[in-house]
Amino acid sequence: MTTDTTPPASVDDLLEADRREPDAALFAGGVGSEPQHAALRASVRQLTTLLGESLTRHEGADLLALVEKVRRLARQPSDSELHALLADVEPATAVVLARAFTAYFQLVNTTEQLHRLRELDAGDEGPLAATLGRVGEALDDGSLTRDDLVDVLGRVEYRPVFTAHPTEASRRTVLRLLRKVAEVVTTAEQPGRPAAHRAADERRLAELVDLLWQTDELRVVRPEPGDEARTAVYYLRSIAAEVVPGLLGELDRALATLDVALPATARPLRFGTWAGGDRDGNPNVTPAVTLEILALQHAAGLAELVEAVDEVLTEMTASTRVVTPSEELAASLERDAAALPVTWSTVRRLNAEEPYRVKLTFVKVRLQRTRDRLREGTPHEPGRDYLSVDELVADLCLVRDSMLASGDTLTGDGAILRLIRTAVTFGAGLATMDVREHSAKAHAALAELYDRTGDLPTPYAELERPERIALLARELGSSRPLTGAGASDLGEAATASSTWCARSARRSTPTATAWSRPTSSR
C-alpha cells in the first residue's frame with residue numbers, strides 16, 4: 001500500500017484549473033458527443049456574432065471592442081489588468097457592459113440546453129431506463145414483488161416546487177424571446193433543411209437577438225408576488241403542454257418492458273408553488289394576495305386544459321359506423337345533451353356519429369363554464385360545469401374505457417391517455433400552493449384559541465414542543481372546530497387566522513381545494 005504525498009491544491013490552483021476555454025465557441029461542457037459538440041460550437045459562434053453586430057448597431061463599435069477586451073482579459077491568469085480596466089469604466093458604460101454579458105450568456109445557455117437535450121434524446125437509453133433497469137433486476141431476484149411495484153406506482157408522487165423569490169423572477173418577455181431563439185435554432189439545424197432557407201433563418205435570428213438587446217431584462221418597477229406567480233405559471237403551462245405528456249409516456253413505455261402498466265389516474269408527478277403563499281418569506285403576501293394568485297393559477301390552468309381538450313377532440317373522429325361506444329359513454333352523452341342542449345344542437349348536425357368527439361366537446365364546454373363560474377363567483381351547476389378535477393378525469397376515462405372495450409388500444413393509449421395524465425398531474429390550478437407562515441404566528445393563534453376553551457391545565461404557550469405536537473395531533477384527528485360561534489370577539493392573532501381560513505374556504509371550495517387538491521400549510 002502506498003501513500004499519496006501530493007500536496008493539496010491551493011485555492012489559486014483550483015481557480016486556475018477551473019478557467020474555461022478562451023473562446024466560448026470552443027466551450028461546450030454541456031455535451032459530450034463530437035457531433036453535438038461541433039454543432040454547439042457553430043451555434044454559439046453564430047449567436048454571439050449576431051449579438052456583436054447588434055451591439056455595434058445600437059451602442060457603437062467602441063462598446064463591442066470593450067466587451068471583447070474584457071472577455072480576453074478575463075481569461076488571463078492574473079486579474080490585475082482586468083481590474084484596472086474596469087476601475088476606469090464609467091457607471092453608464094458599466095451598465096451597458098453588464099447587459100452585454102447578460103445577453104451573451106443567455107444566448108449561449110439557450111443553445112447549450114438545446115444541444116444537450118438532443119444528445120440525451122439520441123442516446124440508446126432514456127433518462128428513466130437506468131432506474132427501471134434496476135427495478136427489473138429487483139423483480140428478477142425476488143427482492144421486489146410485482147404487486148408491491150404496482151402498489152407503489154399508484155401512490156408515488158414526485159413534487160418539484162417553484163419557490164417564491166420575486167426579485168429573481170425573469171421577465172416573461174425575455175423568456176419568450178429566448179424561446180423563439182431556440183425554436184429558430186432548432187429549425188435551422190434540422191437535417192435536410194433546404195439551403196434556400198438559410199438566409200431567412202439567419203435574418204430571423206438576427207431580428208430576435210436585436211429585440212433581446214433592446215428589451216429591459218429587469219423590471220422598471222419593484223416586483224410583487226404576483227409577478228413571480230405569473231412567471232411560475234408561464235413555466236407550468238409550458239411544462240403541461242410540452243414536457244409532461246411525453247415524460248409520462250416514456251415512463252409508460254419503460255414500465256411496459258417490465259410487463260407493468262402505470263394506472264391511468266396515477267399521479268407520479270405533480271407540482272407545487274410558494275408564490276402567493278410564502279407569508280414567512282415576504283410580508284407583502286397577504287390573504288388577499290394569496291386568493292388573487294390562486295385565481296390566477298386556476299384561470300391559467302383551465303385555459304391550458306381547454307386548449308389540450310380542443311387539440312385532442314380534433315383527433316377523436318371515430319364513427320359509429322366503424323366503432324361501437326360503450327353503454328356507459330352513450331348514457332353520459334344523453335345526460336350531457338340534456339344538461340347542455342345548446343351545445344348538443346350545435347354538434348349533433350355534424351358530429352352526432354362521432355361519439356368521442358361529441359363527448360370531448362361537452363367536456364370543453366363544461367371546462368369553459370367552470371372557468372366562468374370561478375371568475376364570476378356563481379354557484380356550481382351539476383352537469384353543466386365541473387366541481388372537482390375528479391369529475392373531469394371521470395369523463396375523460398369514459399372515453400378511453402370505451403375505446404379499450406372495443407379493442408382500440410392504440411387510440412385508447414394515445415392522445416386521450418396523455419390528456420388524462422395531464423389533467424391528473426396539473427388539475428385546474430397547475431400546482432398546489434404551499435401556505436408558509438412563521439410558526440410563531442401560528443402558535444400565537446393556537447394559544448388564544450386553546451386558552452378560550454379552558455381544556456388545558458397549562459397554557460398553550462407554556463407547553464414544550466413534544467406536548468404541542470401530541471396536542472395538535474389529537475386535534476387534527478378530532479371533528480370539533482377550535483373556533484365556534486364566539487369567534488367574532490377573538491384577539492388579533494386568532495382573528496387573522498380564522499378570517500383567512502374562512503375566506504379561503506368560501507372562495508376555494510370549487511377552487512383551491514376541489515380543483516387543485518388541498519393546499520398544504522407549513
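**Exercise 1. Find which residues Q297 touches, leaving aside those up to four places away in sequence, and describe the setting of Q297.**

Solution. In this predicted model, the residues that Q297 touches beyond four places in sequence are V233, T273, A275, A428, G429, L430, A431 and M433. The next step is to place Q297 in the secondary structure, where Q297 belongs to helix α12, which runs over residues 287-313. The last step is to decide whether Q297 is buried or exposed: its relative accessibility is 3%, and since buried means under 20% relative accessible area, Q297 counts as buried.

**Exercise 2. L430 is one of the residues touched by Q297; work out where L430 lies and what is notable about its phi, and then treat D259 in the same manner.**

Solution. Begin with the position of L430, which is in the loop between α18 (415-426) and β3 (432-435). Its phi is positive, at about 70 degrees, although L430 is not a glycine. This deserves a remark because most residues other than glycine have a negative phi. L430 is buried, with a relative accessible area of 1%.

Turn now to D259, which is found in the loop between α11 (244-256) and β2 (272-273). D259 is not a glycine either, and has a positive phi of about 60 degrees. Its relative accessible area is 66%, and because exposed means over 50%, D259 is classed as exposed.

**Exercise 3. Determine on which side of helix α14 the buried residues lie, and what they pack against.**

Solution. First list the buried residues of α14 (residues 341-351), which are T343, V347 and N351. Because these residues cover an arc of only 15 degrees around the axis, they are on the same side of α14. On the other side of the helix, V342 and R349 are exposed. Finally, the partner of the buried residues of α14 is α15 (355-376), against which they pack.

**Exercise 4. Describe how helices α13 and α16 cross, and which residues make their contact.**

Solution. Start from the geometry: the axes of α13 (residues 327-339) and α16 (residues 389-405) come within 8 Å, and they cross at roughly 145 degrees. The crossing in which α13 passes α16 is left-handed. On the side of α13 the contact is made by E328, L329 and S332, and on the side of α16 by L398, V399 and S402. Sorted by class, this contact has three nonpolar, two polar and one charged residues.

**Exercise 5. Decide whether D201 and Q36 are buried or exposed, and give the neighbourhood of each.**

Solution. D201 sits in helix α9 (residues 198-214), and with a relative accessible area of 10% it is buried. Not counting residues up to four places away in sequence, D201 touches V184, A188 and R193.

Q36 sits in helix α2 (residues 34-59), and its relative accessibility of 17% means that Q36 counts as buried. Although Q36 and R116 are 80 residues apart along the chain, their C-alpha atoms are separated by 7.8 Å.

**Exercise 6. Summarise the protein chain as a whole: how many helices and strands does it have, and what part of it is buried?**

Solution. The count of secondary structure elements is 21 helices and four strands. Of the 522 residues in the protein chain, 41% are buried. Among contacts with a separation of 6 or more, 78% come from residues 24 or more positions apart. The chain exposes about 28900 Å², of which carbon and sulfur atoms supply 54%.

Terms used: Residues are numbered from 1 along each chain as its sequence is written. This is a predicted model: local features need pLDDT of at least 70, side-chain atom pairs count only at pLDDT 80 or more; totals for chains, interfaces and linings use all residues. Side-chain values use heavy atoms; hydrogens and water are left out. Helices (H or I, at least four residues) and strands (E, at least two) are DSSP runs, numbered from the N terminus. Buried means under 20% relative accessible area, exposed over 50%, partly exposed in between (1.4 Å probe, protein chains only). Contact means heavy atoms within 4.5 Å. Accessible areas come from the Shrake-Rupley method with a 1.4 Å probe; for residues, only the protein chains shown count as cover. Axes are lines fitted to C-alpha atoms, for helices over the stretch in contact, and angles run from 0 to 180 degrees between N-to-C directions. A crossing is left-handed if the near helix is turned anticlockwise from the far one by less than a right angle, and right-handed if clockwise. Ala, Val, Leu, Ile, Met, Phe, Trp, Tyr, Cys and Pro count as nonpolar, Asp, Glu, Lys and Arg as charged, and the others, Gly among them, as polar. The arc is that of the directions from the helix axis to the C-beta atoms.
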